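Q: I'm new to reading protein structures. Could you take a close look at the sheet with me and walk me through how its strands are arranged?

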Amino acid sequence: MYVKHLTLASFRNHGSTDVALEPGINLFVGRNGQGKTNLVEAIGYLSTLTSHRVAGYQALIQAGEPAAIIRAMVCHEDRDILLELELNREGKNKARMNKADLPRVRDLIGVISSVTFAPEDIDIIRRDPTNRRAFIDGLVVQYRPRMAGVYSDYERVLKQRNSLLKSAKITKTTGSALSTLEAWDASLVQYGTEIVSARIEIARMLEPHLFAAYQSIATTNNEPRLLYKSSLLGDRLPNFFGEDTEEDDLEYLEDSDRDTVAKLFSDRLEKVRAKELERGLTLVGPQRDDLVLMLGPLPAKGYASHGETWSYALALRLASVELLKKESRTGDPVLILDDVFAELDSGRRLRLAELVANNEQVLITAAVAEDVPVILTATRFAVSEGQVTRE
Ligand SMILES: Nc1ncnc2c1ncn2[C@@H]1O[C@H](COP(=O)(O)OP(=O)(O)OP(=O)(O)O)[C@@H](O)[C@H]1O
Ligand SMILES: [Mg+2]
């Protein structure tokens with residue numbers, strides 16, 4: 001699949017942008033702050049409903065404007081689909097496909113599949129579990145778009161359960177809270193189990209692709225591996241004070257079988273119930289888990305070198321492309337490389353160029369065109385003050 005045409009209205013610094021794109025490589029060049037990232041961010045957002053650099057969508061709407069529009073004509077095997085997303089500062093967002101309103105905005109997810117690699121991705125390796133959960137969850141949803149509904153159901157249940165626990169803590173009415181809590185537990189376990197199982201399954205499917213991608217870009221041949229550290233395992237009471245920190249005593253969960261996970265989850269909830277009422281917070285579940293990125297015998301976090309960290313992050317994205325490609329009925333995902341060539345040494349630049357050159361569509365941004373290997377400079381656009389012109 002590829003994006004044939006993109007129209008932006010009041011999207012970040014793009015007041016009104018209208019551009020025809022090509023299958024294959026599209027390179028966007030311009031000085032800093034001109035709107036290159038904004039342009040590819042729009043396509044990423046239309047595909048995943050998440051931005052690679054900001055949470056939420058308010059920042060995507062042009063300052064002073066009430067709404068932003070992203071419209072894209074995407075093409076797969078000579079079939080065109082027109083997608084449109086309207087982001088409103090106040091009131092509901094709206095999504096349309098071939099001019100018909102979609103019942104929910106999230107029905108857009110996965111119509112265009114895409115993978116973005118950007119400098120921010122080294123946070124997946126170096127920073128908190130939130131970054132790694134966002135990575136794996138993003139991939140789960142791209143791979144199985146119907147999971148988007150499960151995530152939103154889980155978040156809703158978790159929120160309600162947390163406010164119940166909180167009010168029980170404040171009013172000390174543990175008796176009546178307990179019976180209401182039980183009703184919430186069933187849904188928490190149901191949706192949470194789907195999330196945990198899907199994460200473990202995706203991580204397992206991704207691993208061989210990660211291994212291959214890492215070998216092809218890194219200079220050392222360490223083996224990357226993915227382990228799932230879960231709050232559903234172990235007997236110890238979680239040591240959680242609200243912040244998102246690594247918990248060294250969590251154990252690895254390998255079994256993605258739904259019944260097994262559901263049983264672990266309910267048993268664990270029972271064990272931590274008293275503690276949850278005391279703290280006024282849900283203490284176990286997918287929101288407390290971590291995807292541990294191993295490199296050889298050690299976790300990449302805290303041990304990998306700068307170069308290894310970059311290679312790992314890049315390998316995670318390239319592996320994602322391969323995984324999505326294998327299962328996809330709509331061709332390759334659109335690959336977005338935002339500002340990455342400047343950060344890579346010349347050997348890695350070339351290897352990356354060779355690896356991505358044959359993807360159905362690749363969108364590349366760079367401040368300096370010379371940083372991008374020549375094989376990736378076929379179709380070139382200049383971006384200046386939110387205006388895009390084909391060169
Ligand atoms: N909501 C918004 N409304 C208006 N302008 C915005 C908005 N969000 C971002 N901008 C502007 O967009 C510009 C940044 O654009 P972008 O991040 O696409 O730059 P870039 O071309 O990728 O630059 P670099 O090479 O530095 O990565 C900034 O000048 C910023 O002020
Ligand atoms: Mg940029």
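**A close look at the sheet**

A: Let's start with a helix that gives us a way in. Helix α1 (residues 36-48) lies across four strands, β1 (2-11), β2, β4 (67-76) and β5 (79-88), and runs at about 110 degrees to β1. Keep in mind that this is a predicted model.

Now for the sheet itself. This open sheet has six strands in the order β2-β1-β4-β5-β6-β7, and the pairing is antiparallel. At the edges stand β2 (14-20) and β7 (100-101), each with a single partner strand, so one side of each has no neighbour in the sheet.

With that order in mind, we can step along the sheet from β4. Ten bridges link β4 and β5, which pair in the antiparallel sense. One pair to find on your screen is C75 and its bridge partner in β5, D80. The hairpin of β4 and β5 has two residues between the strands, and E77 takes a positive phi near 45 degrees there.

Next comes β6. Strands β5 and β6 run antiparallel and are joined by four bridges. Here L83 has M97 in β6 as its bridge partner. Five residues lie between the strands in the hairpin of β5 and β6, where G91 takes a positive phi near 85 degrees.

One more step takes us to the edge. Strand β6 (residues 94-97) pairs with β7 in the antiparallel sense over two bridges. You will meet M97 again here, since its bridge partner in β7 is A100. M97 is thus a handy residue to follow: it is the bridge partner of L83 and also of A100.

While you look along the strands, here is a general point to remember. In a regular strand, side chains alternate between the two faces of the sheet.

Finally, let's return to α1, the helix we began with. This helix gives three residues to the shell around ligand 1, which is the largest share. Of the 18 residues around ligand 1, the ones that come nearest are N13, N32, K36, T37 and N38. Sorted by class, the shell around ligand 1 holds ten polar, five nonpolar and three charged residues. So α1 ties our picture together, because it lies across β1, β2, β4 and β5 and also provides the largest share of the shell around ligand 1.

Notes
Residues are numbered from 1 along each chain as its sequence is written. Chains are lettered from A and ligands numbered from 1 in the order in which they are written. This is a predicted model: local features need pLDDT of at least 70, side-chain atom pairs count only at pLDDT 80 or more; totals for chains, interfaces and linings use all residues. Two strands pair if DSSP finds at least two bridges between them. Two residues are in contact if their C-beta atoms, placed from the backbone, lie within 7 Å. Axes are lines fitted to C-alpha atoms, for helices over the stretch in contact, and angles run from 0 to 180 degrees between N-to-C directions. A residue is near a molecule or strand if its C-beta atom, placed from the backbone, lies within 6 Å of it. Ala, Val, Leu, Ile, Met, Phe, Trp, Tyr, Cys and Pro count as nonpolar, Asp, Glu, Lys and Arg as charged, and the others, Gly among them, as polar.
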